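Dear colleague,

Please find below the sequence and structure that I am handing over to you. My findings follow directly after them.

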Amino acid sequence: MRAVVICALLLAKVTLGNACASGRFTESGQCCSLCPAGYGVAEECGKEDTKCAPCLKGTFSPSEDLGLCLPCSKCPPSVPEVAFCSATRDTQCECDEGFFFLGKYGLCAPCSKCSYGEGVVRDCGYEGDRLCRTCGPGTFSEEEITTKPCQTCTKCSDSEVEIRSCMPQSDTLCMDRKLHIRSPVVETDETPRWVAPDGVKEEEEEASPSPETSAFSPEDEGSNNILIYVSVLAAVVLGLIIYVAYKCWRSCKQKKALSKARAAELGASPEGEKLQSDSGVFLDSYSLQDNQPSKGTRRDSKPDNRLYTNLPQQRQEEVERLLQEGNGRGWRHLGATLGYEPEQLDLFGRGEAPAHTLLSNWAQREGSTLGLLCSALARIDRPDVVTALNSPSPGVSVV
């Protein structure tokens, strides 16, 4: 008898599966009800139907489901709060342009961008990240990266002929009907004569080209095409060579500038000058302080408690540039050392300046001091960034 009941329940689930929104059933075969927005599951569906309860203060449920109420998010420091959390909506925070508030991690993440053949369904904002969808029939998007919805396909006019239909990645291609595309027809006397397709007649007999001027050779056309392709390819290769040479020259120039600045800084210290004149060996003041603790300053003996946000803007940009260029371990390794999850780093990587996003977000935390940042940089073996952090600003003497 029990087997019969089980079979009946399975049959009911199969027959009523499409009509049951939750996709779950009680032991008696009844479809489990969904909790509406603003309510969470108080008792799961089983012997009896689902029992729901209103979301308490500090929790919310945005839609119908069979889950519990979610805890309300908190805006990061220095990020304004646009709307308080309610029973049906999470806290809304006003992030900078190009970012949206991700309540799961409590941070402002870069907005996504739609790719080739997709259009924007919902723009990035208070409701969340930008939603993209493949362009449907009658629409297209030819941009490789876009923040716009799909465009309506062009319709050829009565005076045009459709050469290619509209596709999600390209618009309709039309051609003027009066444009004569000629093709050679070989007569019995082996003399080529040009005629228009589809029975189109020439308006003037004098306008028709003579056999001597209109005849063409497929071999000549193929040779011309090969020459064009080779010329284009040579131009592309030359452009790439010039671009790589420029990047190498710029990188070498920046390294030389940093080396000169470092040498000027070390040469200004009395210890460095003394060692340089006595033994001919150049030793910077930082090495001297490490070897002689009794002569070190109080600042070297204590952690650097200065906040990263108080650094000059030019210094911050230099640090972000060094981490962004990827000469060694970059911003992603630093983020992992500072305690960020891989999913959070992937979100930062979607923006145009992930190093800036990472350090700006980290600077909003409590205890975001230069000492902690230098320690993390030392662990990922980036002494060049530590040097950039500790280098004196222009016009400021180091005692």
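In which strand does Q92 lie? Q92 belongs to strand β6, which spans residues 92-93. Please bear in mind throughout that this is a predicted model.

Is Q92 buried or exposed? The relative accessible area of Q92 is 13%, and because the cut-off for a buried residue is under 20%, Q92 counts as buried. Leaving out residues up to four places away in sequence, Q92 touches C75, E81, V82, A83 and Y126.

**The chain as a whole**

The chain has 399 residues, of which 25% count as buried. It contains 12 helices and 18 strands. Of the contacts between residues at least 6 apart in sequence, 42% join residues at least 24 apart.

**Annotated regions**

An unreviewed UniProt entry assigns the annotation "repeat: TNFR-Cys" to residues 19-52, 54-93, 94-132 and 134-174. In the model, residues 19-52 are 0% helix and 21% strand, with 21 Å between the end C-alpha atoms. For residues 94-132 the figures are 0% helix and 44% strand, and the end C-alpha atoms lie 22 Å apart.

The UniProt annotation "transmembrane region", also from an unreviewed entry, covers residues 226-246. In the model this span is 100% helix and 0% strand, and its end C-alpha atoms are 30 Å apart.

**Helix α10 and L359**

Helix α10 comprises residues 354-363 and is mostly covered, with eight of its 10 residues buried. The buried residues are P354, A355, T357, L358, L359, N361, W362 and A363. They pack against strands β7 (99-102) and β8 (107-110), and against helices α7 (313-325), α8 (331-337), α9 (342-349) and α11.

L359, found in α10, has a relative accessibility of 0% and therefore counts as buried. Which residues does L359 contact, leaving aside its neighbours within four places in sequence? They are Y308, V319, E320, L323, L334 and L373. In addition, the C-alpha atom of L359 is separated by 8.9 Å from that of Q316, although these two residues are 43 apart along the chain.

**Helix pairs involving α12**

Two packed helices are described by the angle between their axes and by the distance between the axes. Both descriptors are given below for two pairs.

Helix α11 (residues 370-379) and helix α12 (residues 383-390) have axes that come within 8 Å and cross at roughly 160°. Because an angle over 145 degrees counts as roughly antiparallel, α11 and α12 are roughly antiparallel to each other. The crossing of α11 past α12 is left-handed. On the α11 side, L370, L373, C374 and L377 take part, and they meet V385, V386, L389 and N390 of α12. By class, this contact of α11 with α12 has seven nonpolar residues, one polar residue and no charged residues.

For α7 and α12, the axes come within 9 Å and cross at roughly 175°. Therefore α7 and α12 are also roughly antiparallel to each other. The contact involves R315, E318, V319, L322 and L323 of α7, together with D384, V385, A388 and L389 of α12. By class, the contact of α7 with α12 has six nonpolar, no polar and three charged residues.

V385 and L389 of α12 appear in the contact with α11 and also in the contact with α7. Likewise, V319 and L323 of α7 take part in the contact with α12 and are among the residues in contact with L359.

Yours sincerely

Key
Residues are numbered from 1 along each chain as its sequence is written. This is a predicted model: local features need pLDDT of at least 70, side-chain atom pairs count only at pLDDT 80 or more; totals for chains, interfaces and linings use all residues. Side-chain values use heavy atoms; hydrogens and water are left out. Axes are lines fitted to C-alpha atoms, for helices over the stretch in contact, and angles run from 0 to 180 degrees between N-to-C directions. Helices (H or I, at least four residues) and strands (E, at least two) are DSSP runs, numbered from the N terminus. Angles under 35 degrees count as roughly parallel, over 145 as roughly antiparallel, 65 to 115 as roughly perpendicular and the rest as oblique. A crossing is left-handed if the near helix is turned anticlockwise from the far one by less than a right angle, and right-handed if clockwise. Contact means heavy atoms within 4.5 Å. Ala, Val, Leu, Ile, Met, Phe, Trp, Tyr, Cys and Pro count as nonpolar, Asp, Glu, Lys and Arg as charged, and the others, Gly among them, as polar. Buried means under 20% relative accessible area, exposed over 50%, partly exposed in between (1.4 Å probe, protein chains only). UniProt positions are given in the numbering used here, feature names are shortened, and annotations may be inferred rather than shown by experiment.
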